[in-house]
Each structure stands twice: as C-alpha cells, then as structure tokens.
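Colleague: Hello! I am new to reading protein models, and I would love to go through one with you. Could you show it to me?

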Amino acid sequence: MSAEPAQEAVEQVSQGVKDVKLENGSAPGAANGTPTKTDDNAIPFKDIFKMFSKFGDSKSDGKQITLSQSDKWMKQAKVIDGKKITTTDTAIYFKKLKSVKVGIEDYQKFLDDLAKNKKVDIEEIKKKLTTCGQPGVSTHLPKSPAAAAAVDRLTDTTKYTGSHKQRFDDTGKGKGIAGRKDLVDGSGYVTGYQHKDTYGKGH
C-alpha cells in the first residue's frame, strides 16, 4: 500500500470517529461525559434539567424533578428573586400539574404557565436556567461592610465587662478553663495577695 492511500484511510477513520462523537451528543473536547457548553456558557436544557433533578437525591434517575429541586435551580439562576417571582408562585403553578415529580415535558409546561401569569419572557427564564452552571451548595455572597463591622465590635474583648472580661488576658487571648472557673490555689497565699513570691527578693 502506497503512502497516499494509507493517509486517506487514516483520515477516513478519524472522520468516522468524529461523526460517532457528534451522533452521541458529545463534541470534541467534551470528554468524560461533561455536557457541551455553547459560546454563552449555556448547558443544554435537557442536560441541566437532569443535573438538578438528581441534586440531593441519590436515587433519582434524572428524568423527573421535584418542586424543591426546581426552586433550588431557579434560585441559583436568579429566576426566583423574591419580588417578581417567589417560591409561593412556583408552588402554585407546580402543583397545577398534580404530581410530586414531573418530567421535562411537563416542566416546560410549568415554565410556560409561570412565565405567562407572571408576565415574564419564557426565553429569558430558560436562558437564566441554562447559564447558571451546575448545581452548587454555596452562593458565595459577599460579606456586607455593616455585618463585618458588627462582628468586629462584638468580638472586641477590650469592650467586655464583668465576668466576661476575666476570660481573656491583656492581648485578647482566651484563658481557657482558668477564665471560666475559680481554680483552687494551693500555694498557701490568701486570695488576692498581690506580692506572691517576692519575700526572697527583698531579704
């Protein structure tokens, strides 16, 4: 076999592998079953629906989603903002489906009904839902300056009074159990004596 036919055969095999990947729904670079993202970082609706329908439920097959999982998804996507759309709204329209769990087709109907009644663009809702990223457990909200100042004020040991003041030394470090309990002093000195261990130094 000459070099040219061999090169053509290699190219045909390579193209065949690419075609199989595309038929299976995974583009080049989408290895390990990771959902393919588009240019605007959106995850296909079917894929992200499956992710959130499994979130918090290890037994779920990813085909049906509950109201709590849906609310988690919508909060992360900022569809539920507490003003235009609330968890009360989602509960009302979700329960119209008369099922604890719903599949993707019924969920689309739920979104359409919610958008229509709340006068929100359905495409805008779907865009938020597909670009919010995979399910997370933390929102990473920034700490407000007011909250930080309050914490600093409440943890400033120099402002403590009474018995609380006795729990810390001059540097603000806690004394541990010595700051919480009256420990017995077996030195022989009376309580409150200020010149302990000074006798030998003056004689």
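Colleague: Is Asp112 buried, partly exposed or exposed?

Modeller: A word on the source: this is a predicted model, where local features need pLDDT of at least 70 and side-chain atom pairs count only at pLDDT 80 or more, while totals for chains, interfaces and linings use all residues. Residues are numbered from 1 along each chain as its sequence is written, and side-chain values use heavy atoms, with hydrogens and water left out. Buried means under 20% relative accessible area, exposed over 50%, and partly exposed in between, with a 1.4 Å probe and protein chains only. Asp112 has 39% relative accessibility, so the class is partly exposed.

Colleague: Thanks! Which element holds Asp112?

Modeller: Helices here are DSSP runs of H or I with at least four residues, and strands are runs of E with at least two, numbered from the N terminus. By that naming, Asp112 sits in helix H5.

Colleague: How are the planes of the Phe49 and Tyr107 rings arranged: stacked, edge-to-face or tilted?

Modeller: A search of the whole structure finds eight aromatic pairs. Rings of Phe, Tyr and Trp (its six-membered ring) pair if their centres lie within 6.5 Å; planes under 30 degrees apart count as stacked, over 60 as edge-to-face and the rest as tilted. For Phe49 and Tyr107, the centres are 5.6 Å apart and the planes stand at 55 degrees, so the pair is tilted.

Colleague: How many residues apart in sequence are the parts that this pair ties together?

Modeller: Look at where each ring sits: Phe49 is in helix H2 and Tyr107 is in helix H5. The pair therefore ties together parts whose separation in sequence is 58 residues.

Colleague: And what kind of pair do Trp73 and Tyr107 make?

Modeller: Their ring centres are 5.7 Å apart. Trp73 lies in helix H3 and Tyr107 in helix H5, 34 residues apart. Because the planes of Trp73 and Tyr107 are at 5 degrees, the pair is stacked.

Colleague: Is Trp73 buried or exposed?

Modeller: Remember the cut-off for buried, which is under 20%. Trp73 has a relative accessible area of 0%, so the class is buried.

Colleague: One last puzzle: what is the phi of Lys119, roughly?

Modeller: Most residues other than glycine have a negative phi. Lys119, found in the loop between helix H5 (104–118) and helix H6 (122–131), has a positive value instead. Phi of Lys119 is near 55 degrees.
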